[in-house]
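This report describes a protein chain for a reader who has not met it before. It moves from local charged pairs to helix packing and then to the chain as a whole.

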Amino acid sequence: MPSKVDDFWAQLKSSNAPKKKVADTTARVGSVRKQQHEDRLTNTSGKETKHEAHAAFLQEPQRATAHQGSREHEEPACSCAFNEDHFRQRAQQLAEAFRSENSGTRRQALSGAKALVLGSSQVPAPPEAVLTDVVEQHLGKALLRRFDDQSEGCRELAAITFLGALHAAPQAVLALLPYAVPVLEERLCFQANKSPKEPSEEVRLVLAQIVVVLIRLGGKAISAYAAEVVGFVVVMSEDPFHEVAMQACAAVVELNACLGMRLHSVSKQFVAQLLPLTTHKRHTVRIAALQAIKVIMHQNAHEMILEMIAWRDPNMIPIKAFYGDDLKVNFAGKLATDPHPMVRLEFLRTISDWMLNLRERVDHEPRLLPYALSALNDSCPQVVEEALVLLDKLGEQYEKDHANDLKDTVYYLPHEVRTHPRLLVYYVKNEPFARRRMPF
């Protein structure tokens, strides 16, 4: 009969059986690894010692890990590197995809062209020289063809991509002008019912921005398309969308900077076209119109100041007045009493520029001076301050223009004038007058 001690030892052996299996498995794995290690040592070259081969065997996993890590760091750099051949091939494929009959395919191709031109996180921005060549050869004309696409989304994407291409590759503007101007003329024109041919306001805004960029980047070369550009300004100023009207004002400013005195023949037409915008319901449009009129008035359009203030010759009666109403709108009076202070401030700056820098300022000073004086009673402190500055500059300018006539008068002022309290208050307390030295 087995004793209780034997049963207890048997129970202990059975509980340690799994550990024995693990130990056996570990021993087998160790023997296999040892055999592989011995085989590797036997296959090494005779020049290597046993210790060198063993060290190389131990360092091999580390080398493999380091090499794999270096490849992981190098792969993003290689994937983001610019490949000119791939870029040109991709641009050509997208240009061909623009002609697809499926609107979804065209939209996807236009989105790809936008990412290709402007760059993205996956596609790096191309060099300017390469992009200029690709836009001139492949993408430019293909994008212009999509301006009359049936899908509004495709038209908007094409216009935005073309605008981005002009910004990214300004050297391509001269090559694209002969193609872009007719397309813009066709898309911006009015139909027979006086409605824009492009029904989407967002697309018309992008087209107007393209016109402004073409004028700015085209420089003097835009003079070859002067008639078309004048038509663009006329149509854009009459557009019901207020942002397009603001782009018309920006186009006039850019034209003045590019062509200057060459606008003498059309400057009056520009002013006549922009004057109604000074009564627009949005104050931003009124300010943009004033900024455009201010610069274009220097290009031999000073006679339009008479139309702006609704001036009439007291000795002449127009024939139209005998057959009906002959009404004129005093745009200057409306601007001087505009409810928005920024509009009144811009109007004051406009007449300040004309009264100080216009070549014909002497002829129009009596007509513009009442509006400068009315600004002294404005509710906005900034308008009052700039009106005082204007009057100070006008006084200095008058002294320079009539120096010989005022020389004795300024030097020999009466004693009571020198000590007049109101004169001292203006000269001492007001900052515009404090800069001037008194002649006594």
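## Charged pairs and helix packing

K197 has a relative accessibility of 31% and therefore counts as partly exposed; here buried means under 20% relative accessible area, exposed over 50%, and partly exposed in between, with a 1.4 Å probe and protein chains only. The model is predicted, so local features need pLDDT of at least 70 and side-chain atom pairs count only at pLDDT 80 or more, while totals for chains, interfaces and linings use all residues. Residues are numbered from 1 along each chain as its sequence is written, and side-chain values use heavy atoms, with hydrogens and water left out.

The side chain of K197 forms a salt bridge with that of E186, at 2.3 Å from N to O; a salt bridge is a side-chain nitrogen of Lys or Arg within 4 Å of a carboxyl oxygen of Asp or Glu. This pair links distant parts of the chain, since K197 is in the loop between α8 and α9 and E186 is in helix α8, eleven residues apart. Helices are DSSP runs (H or I, at least four residues), as are strands (E, at least two), numbered from the N terminus. E186, with a relative accessible area of 33%, is partly exposed. In addition, E84, R88 and D133 are joined into one network by salt bridges that share partners. The structure holds 16 salt bridges, and three of the pairs are listed here.

| Pair | N to O distance |
|---|---|
| K197 and E186 | 2.3 Å |
| R155 and E198 | 3.1 Å |
| D149 and R146 | 2.5 Å |

R155 and E198 are both buried, and so are D149 and R146.

Helix α8 (residues 173-188) also packs with helix α6 (residues 128-145), at an angle of about 5° and with the axes 10 Å apart. Axes are lines fitted to C-alpha atoms, for helices over the stretch in contact, and angles run from 0 to 180 degrees between N-to-C directions. The two helices, α6 and α8, are therefore roughly parallel (angles under 35 degrees count as such, over 145 as roughly antiparallel, 65 to 115 as roughly perpendicular and the rest as oblique). In α6, V135, E136, G140, K141 and L144 meet A175, L176, Y179, A180 and V183 of α8.

A further pairing joins α17 and helix α19 (residues 381-401), again described by an angle of about 5° and axes 10 Å apart. This makes α17 roughly parallel to α19. Helix α17 (residues 341-357) contains E346, which counts as buried at 8% relative accessibility. Not counting residues up to four places away in sequence, E346 touches I287, L290, Q291 and K294, where contact means heavy atoms within 4.5 Å.

Helix α10 (residues 226-237) holds M236, a buried residue with a relative accessible area of 1%. Leaving aside neighbours within four places in sequence, the contacts of M236 are A208, V211, V244, A245, Q247 and A248. The C-alpha atoms of M236 and R204 are 9.0 Å apart, with their positions 32 residues apart along the chain.

For the chain as a whole, there are 23 helices and zero strands. Of the 440 residues, 37% are buried. Among contacts with a separation of 6 or more, 66% are between residues 24 or more positions apart.
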